[in-house]
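Please open the structure in a viewer and keep the selection panel at hand. The stops below proceed one selection at a time, with a short account of what each selection shows.

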Amino acid sequence: MSKLEIDALTAEFFGAFDNRGGKAADVARLRRLIIPGGVIVNTGAAFTVYTVDEFVEPREKLLADGRLTEFSEWETSERTDLTGDIASRFGEYRKSGILDGEPFEGGGTKTIQFVRTPEGWRISAFAWYDRP
C-alpha cells in the first residue's frame with residue numbers, strides 16, 4: 001500500500017503545476033504535500049535552496065499571470081526505495097508549456113524524499129536537475 005500512496009503523492013505533486021486548458025494551477029497544494037521545514041533545491045548553474053514558501057510563491061504568480069500557459073510536467077520513469085516510514089524516489093521527468101508566447105519542452109531528474117507522518121506520507125525534501 002505504501003508504494004501506491006507514494007505514487008499518488010508524486011502524481012499530485014507533479015499535477016500541482018498543471019495549468020493546461022485554462023485551468024488554474026494549484027501550486028499552493030505543495031504546502032500540504034511537503035512537511036513544514038521541507039527543503040527544496042534547484043541544482044546546476046542556478047543552484048538555489050528554497051523553503052516551501054520561497055518555492056511556491058513565485059511559481060503561483062508565474063502560472064497565474066499569463067506568462068506561462070499550457071504547462072505541465074510528468075514523470076517518465078522512477079525508482080522508489082521504501083523502508084519503514086521513509087522512502088526515496090529518483091525519477092526522470094518531462095515538461096512542456098508556452099513561456100512568454102514561445103512553446104518549449106524540457107526534462108530532467110528529480111529526487112524526492114518522503115516520510116510517513118501521522119497524517120500520511122509527505123515530502124520532506126526534493127531536488128531537481130534540468131537537462132540543458
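**The antiparallel hairpins**

Begin by selecting strand 3 (68–83) and strand 4 (86–99): these two strands pair in the antiparallel sense, over 13 bridges. The model on display is a predicted one. Two positions serve as landmarks along this pairing: Glu75 has Tyr93 of strand 4 as its bridge partner, and Asp81 is matched with Ser88 in strand 4. Next, select the turn of this hairpin, where two residues lie between strand 3 and strand 4. Gly84, in that turn, has a positive phi of about 60°.

Now add strand 5 (102–117) to the selection. Strand 4 and strand 5 run antiparallel and are joined by 14 bridges. Ala87 can be used as a marker here, since it stands opposite Phe114 in strand 5. This pair also forms a hairpin with two residues between its strands. Select Asp100 in the turn to find a positive phi of about 50°.

**The parallel pair and the whole sheet**

Move to strand 1 (residues 34–42) and strand 6 (residues 120–130), which run parallel and are joined by five bridges. To locate the register, display Ile40 together with Phe126, its bridge partner in strand 6.

With every strand selected, in which order do the six strands lie? The order is 2-1-6-5-4-3, in an open sheet with mixed pairing. Strand 2 (48–50) and strand 3 are at the edges with a single partner strand each, so one side of each has no neighbour in the sheet. Direction ignored, neighbouring strands of this sheet are turned by 20° against each other on average. When side chains are switched on, a general rule helps in reading the view: in a regular strand they alternate between the two faces of the sheet.

**The helix across the sheet**

Select helix 1 (residues 2–15), which lies across strand 3, strand 4, strand 5 and strand 6. Relative to strand 3, helix 1 runs at about 160°.

**The largest pocket**

Display Arg59, Leu62, Phe71, Glu73 and Lys95, the lining residues that lie nearest the centre of the largest pocket. The volume of this pocket is about 370 Å³, and its lining comprises 16 residues. Which element supplies the largest share of the lining? Helix 3 does, with five residues. Helix 3 (52–64), strand 3, strand 4, strand 5 and strand 6 each contribute at least two residues to the lining. Colouring the lining by residue class gives eleven nonpolar residues, five charged and no polar.

**Confidence**

Finally, colour the chain by pLDDT. The mean for the protein chain is 96, and 100% of its residues reach 70 or more. Confidence is lowest in helix 3, at a mean of 95, and highest in strand 4, at 98.

Key: Residues numbered from 1 in each chain as written. Predicted model: local features only at pLDDT ≥ 70, side-chain atom pairs only at ≥ 80, totals over all residues. Heavy atoms only, no water. Pairing = 2+ DSSP bridges. Helix = DSSP H or I, 4+ residues; strand = E, 2+ residues; numbered from the N terminus. Axes fitted to C-alpha atoms, helices over the stretch in contact; angles between N-to-C directions. Contact = heavy atoms within 4.5 Å. 1 Å grid on protein atoms, 1.4 Å probe; cavity = no way out; pocket = protein on both sides within 12 Å on 5 of 7 lines; lining within 4 Å. Points joined across faces, edges and corners; volume = space filled by probe spheres on them. Nonpolar A, V, L, I, M, F, W, Y, C, P; charged D, E, K, R; others polar. pLDDT = per-residue confidence, 0-100.
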